[in-house]
Amino acid sequence: MHDDVDAGTRLLELLASGASAADLAALDVDPHARDLAIRISGAFDVQRRREQQLAALVDTAGELASMSDPSVVLDAIVRRARALMGTDVAYLTLFDHDRGDTYMRATAGSVSAQFQVVRLAFGAGLGGLVAQSHKPYWTADYFADARFRHTHLIDGAVGDEGLVAICGTPLIVKDEFVGVLFASNRTPRPFTHDEVALLGSLAALAAVTIVQVRAVEESSRTLAALSEATERASQYAAGIERAAAAHDRFAEIVLEGGGVDDLTEALIQLLGGWALLLDPDGAPRSIAGEAPPTGDRLLELQRRVEGGVDGRRLSRIGDAWVIGIAAAGEPIGCLVIGDVSAMDDSDERTVERAAVVTALVLLGERNRAEARQQQRTDLVSGLVSGHADLGLLLPAARSLGLDLREPTCLLAVVGADTATPRSLVLAVNAALGGQGLVGEVEGHVVALVPGGEAGSAAGDLAHRLSRSHCVTVGAAGPVSEVRGTLGADLQAAHTEAIRTAEALVALGRKGDGAAAADLGFAGLIVGTKPEVTAYVQSVLGPLDDYDGARGTDLVGTLEAYFLAGSSPRHAATRLHVHTNTVAQRLERITRLVGDGWQSPERALELQLALRLRHLIAS
């Protein structure tokens, strides 16, 4: 009896110390008691393993709960699965809603690149069967297991990784299939029900974690998108408010009578940088801001802008922003903004509004200018017609800066190139600096300018216009109200100026300017009132004056010389003087009228003057 008690105590002591089944089997005790002890020890081992697994699951839950990055969560799941199951490899596939299959998402212990990118169709391979049935499957030898539909692609990937034993269990949350969690060995291994249950517990925990992390991630994306949308909406609203304020400012400038200079100044106050308003020819109309382009930099900008403006759309040319300005479909300039690195929608709307308001201002200016010019054209046309009421026209002319009580010249600009009468009127106005009245009469431009030197005024105007237009300017006058025949004088001056311009063209002097008196004897032909006496005096005056002062006869000698066929000897015979006397007189004539008087052109002028002198005296 004592021995039995000692044996029982020994068995209990060994069980209490955690002895292995081998240690218990080596005892020389009652076989029944020994078997019972071995079963109890096995139960203790199972319990300890379950406790360890439960503790591991709790640790895993805590670890997963602290993670928010989906990639980190998935890597942690397969890493834990490999450790808990004690397998060579663990991996996880996720369900692809768009393609209707599963794809490899995370691995632990894998060494095959082919295996790490494999996709499993529903029903194909062990994993495809798990995905299709939503039930766990396991095998000790995958390639020898006929329960699974083997495919070349899946078997190739599994073989490349060297896997043999595989256990897979579905990831499911509230009937939602998420993916499949696997544990596998590179050697044959039967999986126990406890191991399958353990992998299933981990899969359930992993599925919940994946769904939660996805929800958090989706919420974060939604919040981020909402925040971004709110920010964009706020920026858009602020932009609209800024653009509306800019529009109000532009409208205020217009209502206060401001011009394009005020608009460009307001624009750079809103955007910074500098702004240029260029006319259709590329010339600066308005400049605002600090350090705007000048010199070669401005020329380069004008060259790049020319032909590069796309209607009313804001575009980038080099380091500047450009927008075209048009009215009634006609380009009337462009707006250039510089030293502004970037523009948001609000800035673009501001520039577009500035362009529209500038177009309205320019259109208004042009309409007012055209109305003023039409008034001038009507006035000029009435003055040169010879039929209008001068009692009404003369005060109107004085109100516009031309006092016809003072000497006034009439200039006719004809023979222009492709320029339109309107553009030529503007060019003549600009060339005259706003002095006098300019208008369009019968398809050509007429200018009434103060002064008494018609020829000089015509030449000067032709020279100034030559920079942009090929024109010929005929002049007549001066005329004035003092003579009492102003209406007829203006009408005659208009006719004479046109004839003079046409004569200049006929004489090969296109692009020149002159009065009829400047054309010599040709002026007698085109003039409406030929000044014969003045012409004779302009040619022979120096000789007449010399003869009158000294009692000589240089005029008679010159006439005899021409009648003698330009022979001094024959002229001496006609005059009954010595040949040397004729030679001395001819030398005196040369000093008085200048060298070259014997050339055909000058000789013709002198002979014509001598002939007219006789006609006047008769």
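**Note on the predicted model: cores, a helix pair and Thr472**

1. In this predicted model, the largest nonpolar core has 27 residues, of which Ile77, Leu92, Leu171, Leu181 and Ile210 touch the most other members. A nonpolar core here is a set of buried Ala, Val, Leu, Ile, Met, Phe, Trp, Tyr and Cys residues joined through side-chain atoms within 4.5 Å; buried means under 20% relative accessible area (1.4 Å probe, protein chains only). Two or more residues each come from helix H4 (70–85), strands S1 (89–96), S2 (101–108), S5 (165–173) and S6 (176–185), and helix H7 (193–255). H7 gives the most, with 8 residues. Helices (H or I, at least four residues) and strands (E, at least two) are DSSP runs, numbered from the N terminus.

2. A second, separate core has 26 residues, including Ile253, Leu263, Leu277 and Ala355.

3. The axes of helices H8 (residues 260–271) and H10 (residues 345–385) come within 10 Å and cross at roughly 175 degrees. H8 is therefore roughly antiparallel to H10 (angles over 145 degrees). Axes are lines fitted to C-alpha atoms over the stretch in contact, with angles from 0 to 180 degrees between N-to-C directions.

4. Thr472 lies in strand S15 (residues 472–479). Thr472 counts as buried because its relative accessibility is 0%. Among the residues it contacts (heavy atoms within 4.5 Å), leaving out those up to four places away in sequence, are Val413, Leu504 and Arg509.

5. Residues are numbered from 1 along each chain as its sequence is written. Local features need pLDDT of at least 70, side-chain atom pairs count only at pLDDT 80 or more, totals for chains, interfaces and linings use all residues, and side-chain values use heavy atoms, without hydrogens and water.

Key. Buried means under 20% relative accessible area, exposed over 50%, partly exposed in between (1.4 Å probe, protein chains only). Angles under 35 degrees count as roughly parallel, over 145 as roughly antiparallel, 65 to 115 as roughly perpendicular and the rest as oblique.
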